[in-house]
Structures are given as structure tokens and as C-alpha cells.
Amino acid sequence: MAPRVIFLLFSLVFLFLANTSHSLEKFQSFLHPIYKDKSTNIYSIPLSIGSSTSSEEFVLDLNGAAPLLQNCATAAKSTTYHPIKCGSTRCNYANPNFPCPNNVITKKRTVCRSSDNARLFRDTVPLLYTFNGVYTMDSEKSSSLTLTCTDGAPTLKQRTIGLANTHLSIPSQLISMYKLPQKMALCLPSTEWSKTYSGDLWIGKGEYYYLPYLKDVSKIFASTPLIGNDKSGDYLIDVKSIQIGGKTVPILCGATKISTLAPYTVLQTSIYKALLTAFAGSAKIAKAPAVKPFGACFRSNGGRGVPVIDLMLRGGAKWRIYGSNSLVKVNKNVVCLGFVDGGVNPKNPIVIGGFQMEDNLVEFDLESSKFSFSSSLLLHNTSCSVARLSPF
């Protein structure tokens with residue numbers, strides 16, 4: 001038996017014994033897989049809604065308001081589908097300002113709609129879960145949740161699961177239903193590692209284990225406050241400055257948005273140009289012609305002097321971006337700096353994209369309004385894509 005397999009088995013036994021003090025009467029958190037599409041760089045989770053026996057991919061939209069957006073005709077085929085009537089308790093909770101006109105022909109109340117005019121309905125959503133942060137159970141826990149649908153036919157990009165900090169989001173509903181800690185965490189898989197295993201969406205208590213690293217990853221977290229307008233539901237942080245090789249890159253004031261829909265970090269034009277200049281000046285790598293949408297590219301075998309990029313955050317936390325999260329492999333000979341130009345007047349001067357979060361565990365503590373992160377798990381000989389086996 002290979003040494004790595006033996007080590008993994010011993011690690012599983014060790015962590016199982018270490019967690020036997022945890023009660024098996026109540027699960028700790030939902031723990032559902034996240035996959036990355038290599039061709040589109042989109043992150044999604046597989047879900048089978050209601051009575052459907054087949055799963056569909058729902059794009060992960062960290063700041064999306066719709067709990068689960070799908071086609072209404074498809075949703076209504078589920079035998080456990082229940083429309084939500086306008087004026088009902090669920091409707092008033094979901095959208096208290098929505099008027100309730102009667103149907104002109106039948107005189108019956110119309111269906112409830114969300115603020116973006118999508119229909120609201122109720123159905124079951126099955127998600128995988130864990131008792132101890134180590135194993136994923138091989139069965140799913142189904143929960144009856146308020147969902148949304150549209151009369152049009154959503155494309156893959158439109159068929160989303162929204163995780164915004166709103167009371168209708170899937171995490172918020174589950175946290176309220178099961179009295180879980182108000183936390184959600186993401187561990188996005190990289191293309192390299194996700195060939196074997198998925199990443200993770202966590203909802204609930206945070207004891208995060210990524211073997212063969214034997215500690216709870218939350219023990220190495222750095223944290224910064226979540227900021228911004230609570231009504232938007234967006235996840236925003238305050239980046240005070242950017243440093244490359246000890247040199248400070250000037251940035252504009254403004255909230256930094258964290259997004260799973262942006263494949264790469266997007267920077268306002270002046271920040272982008274300053275970053276490219278500082279990185280190229282510090283990198284001890286042979287340059288290569290630029291490949292769109294990137295502005296600075298290098299020979300992949302042209303040296304090992306990749307400078308670290310530090311995001312200096314409010315409260316003194318430092319989010320360190322190493323080469324694995326800064327350089328994108330565009331072909332076998334060329335890598336490019338994985339940041340893109342967002343224009344002169346974007347809404348947010350910085351939008352942290354998915355590539356910079358890959359193989360980083362990031363946690364959103366909704367009760368304390370705190371954002372925590374591990375920096376690269378690769379430094380601890382692990383990644384977001386690890387095997388999770390149920391011993392039961």
C-alpha cells in the first residue's frame with residue numbers, strides 16, 4: 001500500500017477518534033460539493049430539487065439574491081412543488097411590499113413574486129451534511145425551502161443558487177430552520193485538484209478539516225470586518241492597500257466586493273496598471289507576449305521569482321496571494337497575471353474573483369459581520385479538493 005494512502009487512513013482514524021466527543025444527535029453543518037467547469041471557469045453545485053431523481057448544476061452566485069433560480073414550468077413538475085400565494089405568511093415574509101391583485105378571470109389570489117419579479121414557491125432541497133467537519137454523510141438531508149423561478153428558460157449562467165446575506169437565501173433559511181451558527185464558508189476547487197475531488201460549501205458550525213492537515217483550518221484564520229449596506233446582501237471588505245515585494249500599490253477608496261461570478265480579480269484601471277507595473281518589476285521571470293484578457297504574461301519555465309501579492313485589510317489582516325493564485329496557466333509555455341482591467345469607473349474598485357480564492361477556505365460570519373480566510377491551503381500540504389468518507 002502506498003505511503004500516502006497509509007498516511008491518509010491513519011489521519012482518518014485519528015480525526016475520527018478525536019471527534020468522538022461530538023454528539024451524533026445533531027449534525028454540525030451542511031457540507032455540499034462545489035465543482036469547477038474548466039472551460040468556463042464557473043463554480044457550481046449539483047442539486048436535485050423536489051421529486052426529481054436527476055441533479056442539475058446551479059451556478060454559485062455569492063452575492064445573488066434569488067435563493068434558487070430555475071424555470072417555473074420545470075419546477076412545477078415536481079410532485080412536492082407548492083406555489084406560494086400572494087398575501088400568505090411566506091409571501092409577506094419574502095416580499096412584504098408586493099401588492100396582491102386578484103386574477104381578473106378566476107378572482108383568485110395571484111402567486112407571490114420576489115422583488116425581482118420572479119415567482120416564489122416551496123419545495124424540498126436535499127443537501128449533504130457532516131457531524132464533525134471531517135466526513136460527509138452518504139445520504140442527504142432534505143429541507144422545505146422558499147425558492148424562486150422565472151417563466152423564461154434560464155441558461156446555465158442564469159440557473160443560480162444565490163448566497164447573498166439576505167433572509168431568503170438558502171444559507172439564511174437553513175440557519176434559521178436548524179438553529180445553526182450564522183456562518184457560511186466556501187472552499188473553491190482549482191482546476192488542477194478538482195479533477196479528483198470537489199470543493200466545499202459549508203453552512204453552519206465551523207470545524208473545518210482538510211486532510212492530511214490534522215488541525216481545524218479555522219485555527220489559522222485571519223479576519224477582517226464585513227462592511228457595506230446590509231440591504232444589498234453583498235459581501236464587502238475594506239482593502240487598505242496592496243503590496244508587492246514590500247512596495248505599496250496605490251488604490252482608490254471604496255468597498256472591495258468578493259464574487260464567485262468573476263473568474264479573476266477585477267481592478268479599476270489605475271489600480272490595474274499600477275499592479276502590473278509593480279509585479280512585472282519585481283518578478284524574476286522571463287516575459288511573454290500578453291494574452292487577453294490579461295495584461296502581463298511570462299514564460300512558465302522562465303524563472304522562479306514570483307513575487308507575493310499582499311492585500312492589506314482593515315484591522316491589520318493580510319490576505320497573501322501566492323503564485324498558485326496569481327498566475328494563470330494559459331498554455332503549456334505561458335502563465336499570466338490573473339487580474340483584469342475593470343474600467344475607469346466601476347461600482348467597486350476591486351472585485352476579488354474566484355481564481356484568487358481557489359484552495360483558500362473563506363468564512364462569512366454573519367452574526368459577527370466578519371470575513372475570515374486561511375490563505376493558500378497548499379502551504380499546508382492540502383487543498384480544497386480532499387476525499388471525505390462516511391464511516392457510518
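Here is a short chat about the fold, pairing and salt bridges of this predicted model.

Student: Before we start, how confident is the model on average, by mean pLDDT?
Tutor: This is a predicted model, where local features need pLDDT of at least 70, side-chain atom pairs count only at pLDDT 80 or more, and totals for chains, interfaces and linings use all residues. Residues are numbered from 1 along each chain as its sequence is written, and side-chain values use heavy atoms, with hydrogens and water left out. pLDDT is the predictor's confidence in each residue, from 0 to 100. Here 86% of the residues reach 70 or more, and the chain's mean pLDDT is 86.

Student: Which stretch has pLDDT staying under 50?
Tutor: That stretch does have nine contacts beyond four places in sequence in the model, contact meaning heavy atoms within 4.5 Å. The low pLDDT covers residues 17–25.

Student: How many strands are there in the chain?
Tutor: Helices (H or I, at least four residues) and strands (E, at least two) are DSSP runs, numbered from the N terminus. By that count the chain has seven helices, and its strands number 27.

Student: Which strands are the edges of the open sheet containing β14 and β20?
Tutor: Two strands pair if DSSP finds at least two bridges between them. The sheet has four strands, paired antiparallel in the order β15-β14-β20-β21. Pairing on one side only marks the edge strands, β15 (247–249) and β21 (318–321).

Student: And what stands opposite L311 in β21?
Tutor: Strand β20 (residues 309–313) runs antiparallel to β21, and four bridges join them. Across from L311 you'll find W319.

Student: At about what angle to β14 does helix α5 run?
Tutor: Axes are lines fitted to C-alpha atoms, for helices over the stretch in contact, and angles run from 0 to 180 degrees between N-to-C directions. Helix α5 (residues 269–282) lies across β14 (239–244), β15 and β20. Its angle to β14 is about 30°.

Student: Which strand pairs with β3 in the parallel sense?
Tutor: β3 (residues 56–61) is joined to β2 (residues 42–47) by four bridges, but those two run antiparallel. The parallel pairing has three bridges, and in it D61 partners G162. So the strand, by the rule of at least two bridges, is β9.

Student: Is V340 in β24 buried or exposed?
Tutor: Buried means under 20% relative accessible area, exposed over 50%, and partly exposed in between (1.4 Å probe, protein chains only). V340 sits in strand β24 (residues 339–341), and beyond its neighbours within four places it contacts residues including Y264, Y272 and F294. Because its relative accessibility is 14%, V340 counts as buried.

Student: How far apart in sequence are the parts tied together by R388 and D200?
Tutor: A salt bridge is a side-chain nitrogen of Lys or Arg within 4 Å of a carboxyl oxygen of Asp or Glu, and here the closest N and O atoms are 3.2 Å apart. R388 is buried at 15% relative accessible area, and D200 is buried at 5%. R388 lies in the segment after β27 (370–376) and D200 in β11 (residues 199–204), so the sequence gap is 188 residues.

Student: Which residue joins D238 and K240 in a salt-bridge network?
Tutor: D238 and K240 form a salt bridge, with the closest N and O atoms 3.3 Å apart. D238 counts as buried at 12%, whereas K240 is exposed at 52%. The network's other member is R314.
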